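The questions below ask how each label is earned, and each answer sets a value against its cut-off. Please look at the model first, and keep it in view while you read.

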Amino acid sequence: MGIMEDVTIIPQPVGDSNKVDLVMNLVERKSGGFSAGGGISSGITNGPLSGLIGSFAYSQRNVFGRNKKLNLSLERGQIDSIFRLNYTDPWIDGDNKRTSRTVMVQNSRTPGTLIHGGEHPDHSPITIGRVTAGIEYSRPFRPKWSGTLGLIFQHAGARDDKGNPMIRDFYNSQLTASGNPYDDTLLAKLESVYTDSGDQSSTMFVFNVEQGLPILPEWLSFNRVTARLRQSYEIGPARLLLSASGGHVEGNFSPHEAFAIGGTNSVRGYEEGAVGSGRSYAVGSGEVSCRLFGPLEGVVFGDYGSDLGSGPTVPGDPAGARGKPGSGYGYGVGIRVDSPLGPLRLEYAFNDKQARRFHF
């Protein structure tokens, strides 16, 4: 449950030698409180300082004394802004399948540079505003497998640096699928996750399907399928990590929802989204890491990504207007630190254009 600070079980003898009484001493920890923190948004490409964000949150892990969880959070930066409210029931009363339910409301403003960024001096920054609300049900359905089914509504559109709605960017590429300042979408979501961890290897597989439901004529209708696979092997003192991901969208979708390829968690050696923006994509990565000393690891890696020729099929072809190559690879070296603040990565990468880039 995650709400106990200490649990002590003390066996007590009873008259029957085949039985024992168990006395449980439970110390409940404080279940609610405030927290604050900060970070760097990887979607900002014009310098790290403009990507700094601060966060503030209130959480309650034992609402009504039933282990239900309430989380209220706010993240704010020069460009980023996310307000999120989550309410989770980790085990619905009376359900023998261990089904959980999460209700979510979110209002966000994120940079549109991954798809609609540009280096032209007259190109003003674009932000994507989203108001999202939904409900999700999750449960384990086989050993090592879990599934999630959800229904999510999203109201999204682009704005300029003054907060005014936009329907086309500097390159005259459309910013919405409908041609209106905002696109509305009702999404049915199905996700399946497999996780396995062994002494010599570990596997993770995630498969996700989203279907836009055009209940109203102006709501978007599309189908989006994505998959991610991650496999690691222990080879003597070293560890080999292989990962692959891919996806495809069929139908009428917002251009800013295209798959962005390139960056710290995609193809290193490129800026965020600089390889391509596609209706389809595939990215593969391999790396070998080895413990150096203490919490420090050294790593050698290589990445490749492609939009599979789908860039021109994105509404407005934002990748073609910006001359993105559509495919590319990167390679390099880095260090990993298991720090008290969490895992840190510092990597130095080259891409196939012989450009060099640090990733942190």
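**Labels and their reasons**

Q: How do you know that β14 and β17 pair as strands?
A: Strand β14 and strand β17 (residues 280–293) run antiparallel and are joined by 11 bridges, and since two strands pair if DSSP finds at least two bridges between them, they count as paired. One of the contacts has Gly247 as the bridge partner of Tyr281 in β17. The model is a predicted one, in which local features need pLDDT of at least 70 and side-chain atom pairs count only at pLDDT 80 or more, while totals for chains, interfaces and linings use all residues. Residues are numbered from 1 along each chain as its sequence is written, and side-chain values use heavy atoms, with hydrogens and water left out.

Q: What makes β13 and β14 a pair in the antiparallel sense?
A: Strand β13 (residues 222–235) and strand β14 (residues 238–251) share 14 bridges in the antiparallel sense, and the rule asks for at least two, so they pair. Arg224 stands opposite Val249 in β14. In this hairpin 2 residues lie between the strands, and Gly236 takes a positive phi near 60°.

Q: What counts as a helix or a strand in this chain, and how many of each are there?
A: The elements are DSSP runs, numbered from the N terminus, with at least four residues of H or I for a helix and at least two of E for a strand. By that rule the protein chain has 2 helices and 21 strands.

Q: Why is the aromatic pair of Trp145 and Tyr194 called tilted?
A: A search of the whole structure finds 10 aromatic pairs. The pair of Trp145 and Tyr194 is among them, with 5.1 Å centre to centre and 55° between the planes. Rings of Phe, Tyr and Trp (its six-membered ring) pair if their centres lie within 6.5 Å, and planes under 30 degrees apart count as stacked, over 60 as edge-to-face and the rest as tilted, so this pair is tilted. Trp145 lies in strand β9 (residues 145–159) and Tyr194 in strand β11 (residues 182–197), so the pair ties together parts that are 49 residues apart in sequence.

Q: What makes the pair of Phe153 and Trp219 tilted?
A: The ring centres of Phe153 and Trp219 are 5.4 Å apart and the planes stand at 55°, so this pair is tilted. Phe153 lies in strand β9 and Trp219 in the loop between β12 (201–212) and β13, so parts that are 66 residues apart in sequence are tied together.

Q: Why does Trp219 count as buried or exposed?
A: Trp219 has a relative accessibility of 17%, and buried means under 20% relative accessible area, exposed over 50% and partly exposed in between (1.4 Å probe, protein chains only), so Trp219 is buried. Phe153, at 28%, counts as partly exposed, and Trp145, at 27%, is partly exposed as well.

Q: How do you know that Asn208 is buried?
A: Asn208, which is found in strand β12, has a relative accessible area of 9%, so it is buried. Of the 360 residues of the protein chain, 40% count as buried.

Q: What makes Arg268 a charge over the face of Phe301?
A: Arg268 lies over the face of Phe301, at 4.0 Å from the ring centre. The rule asks that NZ of Lys or CZ of Arg be within 6 Å of the ring centre and within 35 degrees of the ring normal, and the distance of 4.0 Å therefore meets the first limit.
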